[in-house]
Amino acid sequence: MAAYRPGVLVGNWNEDAYLEEQDRLRDFMHKRERGELLIQKIKKLQDNLLKKIQLSVSKDGFVHFGDTVMLLNPDNKSSVENYPGVCSRLTLAINLDEISVYSARSLQAPCGVSAVESVDPVGRNTFSILSVDGVAVGEPIRFGQNFALGTTGGFSDQMLYLASDHKSFTRFAKKSYLQQVFLTDELSYLTCWQATFLDPQLRLEYEGFPVPANSKMIITHCRTNRSLAVPRNFWTRSYFGKEYEVICHTYLDSHKAEEDKNYWVIVTGNPSDEDGTMIDRPNPHPGGIRKKEFHEET
């Protein structure tokens, strides 16, 4: 008589298979009720990151502590010659790799950042201006004053802060190998930034003046004294598509002035449109605030 092979079903195999299927179904229903299914986690993460956010409206034309804003790197004309197709406006945003999207229900620190072509204010590209030295909410930020940039990513139970640190053998930007920019959940001197006046010849004169909203400026990291930048020739594929690397590096031209890779605009809300921004309106200062104009406004 031939011996049974391993594939032969013996005993109450049908009942065992049925009970195993019932256990899997019961586990599935339990996870679905608690929102622990992978598809539910991804949907929740996407809904929060892509949720529309209303930006703060500046009544006096300046940036204030507590404001919800976007950080925009304006059109980079110098990149058109060397890198066609990358001259559009970019905004600073949270960057999640696919592993984080599939494994996390919320944002996990440390988290990456990138520059995206979307200029619509959503959870992943809006930031709050935070005080690091006890200045009251609503007070205007001044040139040379420390502040922090925090983002919730559309979630309500957490806050991550924009940070940077000196590069090392193990800590550097993945594409350019320059100084890395990331998000962390701890406030420290690594999360301190300053707004710097655009014209280097007038910076000392305007030290302590309020920072105008929706105008070009330089954002400098306090610890390393390097400026926030988007070189635009380094990009990666993220879960949301093609995005550009954000680093801390000061690009200087032949006149020892920062290049447009270091230019940033703190964008506020449009008072005539709840879902709009001030970049949707004509720019009264296309070349940035200059000396005479700045005195007239202040």
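These points cover strand pairing, burial, salt bridges, surface patches and backbone angles in a predicted model.

1. Strand S7 and its burial. Strand S7 runs over residues 179–184. Five of its six residues are buried, so the strand is largely enclosed by the rest of the structure.

2. Pairing of S7 with S6. Strand S6, residues 160–164, pairs with S7 in the antiparallel sense over four bridges. Within this pairing, the bridge partner of Tyr161 is Thr184 in S7.

3. Pairing of S7 with S3. Strand S3, residues 111–116, also pairs with S7 in the antiparallel sense, here over two bridges. Cys111 stands opposite Leu183 of S7.

4. Pairing of S7 with S13. Strand S13 comprises residues 247–248. The pairing between S7 and S13 is antiparallel and has two bridges. Gln179 is found opposite Cys248 in S13.

5. Leu71 in strand S1. Leu71 belongs to strand S1, which spans residues 68–73. With a relative accessible area of 0%, Leu71 is buried. The C-alpha atoms of Leu71 and Thr126 are 7.5 Å apart, while the two residues are separated by 55 residues in sequence.

6. Salt bridges overall. The structure holds seven salt bridges. Side chains of opposite charge can pair when their charged atoms come close. Among the seven, three are taken up below.

7. The pair within helix H1. Asp23 forms a salt bridge with Arg26, and the closest N and O atoms are 2.8 Å apart. These two residues are three apart in helix H1, so about one helical turn separates them. Asp23 is partly exposed at 46% relative accessible area, whereas Arg26 is exposed at 51%. The cut-off for exposed is over 50%, so the label of Arg26, at 51%, should be read together with its value.

8. The pair between two loops. Asp165 and Arg223 form a salt bridge in which the closest N and O atoms are 3.1 Å apart. Asp165 lies in the loop between S6 and S7, and Arg223 in the loop between S9 and S10, so the pair ties together parts that are 58 residues apart in sequence. Asp165 counts as buried, at 13% relative accessibility, while Arg223 counts as partly exposed, at 43%. A network of salt bridges links Asp165, Arg171 and Arg223.

9. Glu259 and Lys261. A salt bridge joins Glu259 to Lys261, with the closest N and O atoms 4.0 Å apart. The cut-off for a salt bridge is within 4 Å, so the listed distance of 4.0 Å should be kept in view when this pair is discussed. Glu259 counts as partly exposed, at 25% relative accessibility. Lys261 is buried, with a relative accessible area of 19%; buried means under 20%.

10. Negative patch. Asp120, Asp273, Glu274, Asp275 and Asp280 form a negative patch on the surface. Within this group, Asp275 is located in strand S16, residues 273–277. Asp275 is exposed, with a relative accessible area of 57%.

11. Nonpolar patch. Leu25, Phe28 and Met29 make up a nonpolar surface patch, and together they have about 250 Å² of accessible area. Met29 sits in helix H1, which covers residues 13–34. At 32% relative accessibility, Met29 counts as partly exposed. Helix H1 also carries the salt-bridged pair Asp23 and Arg26.

12. Positive phi at Asn225. Asn225 has a phi near 60°, a positive value in a residue other than glycine. Asn225 lies in the loop between strand S9 (216–221) and strand S10 (228–229). Its relative accessibility is 59%, and Asn225 counts as exposed. Arg223, named in the salt bridge with Asp165, is also placed in the loop between S9 and S10.

13. Positive phi at Arg232. Phi of Arg232 is near 75°, again a positive value in a residue other than glycine. Arg232 is found in the loop between S10 and strand S11 (235–238). Arg232 is buried, with a relative accessible area of 1%, whereas Asn225 counts as exposed.

How values were computed:
Residues are numbered from 1 along each chain as its sequence is written. This is a predicted model: local features need pLDDT of at least 70, side-chain atom pairs count only at pLDDT 80 or more; totals for chains, interfaces and linings use all residues. Side-chain values use heavy atoms; hydrogens and water are left out. Buried means under 20% relative accessible area, exposed over 50%, partly exposed in between (1.4 Å probe, protein chains only). Two strands pair if DSSP finds at least two bridges between them. Patches are made of residues with over 30% relative accessible area and no salt bridge: like charges are joined within 9 Å, nonpolar side chains (Val, Leu, Ile, Met, Phe, Trp, Tyr) within 5 Å. Accessible areas come from the Shrake-Rupley method with a 1.4 Å probe; for residues, only the protein chains shown count as cover. A salt bridge is a side-chain nitrogen of Lys or Arg within 4 Å of a carboxyl oxygen of Asp or Glu. Lys and Arg count as positive and Asp and Glu as negative; His and the chain ends are not counted. The place of a charge is taken as NZ of Lys, CZ of Arg, CG of Asp or CD of Glu.
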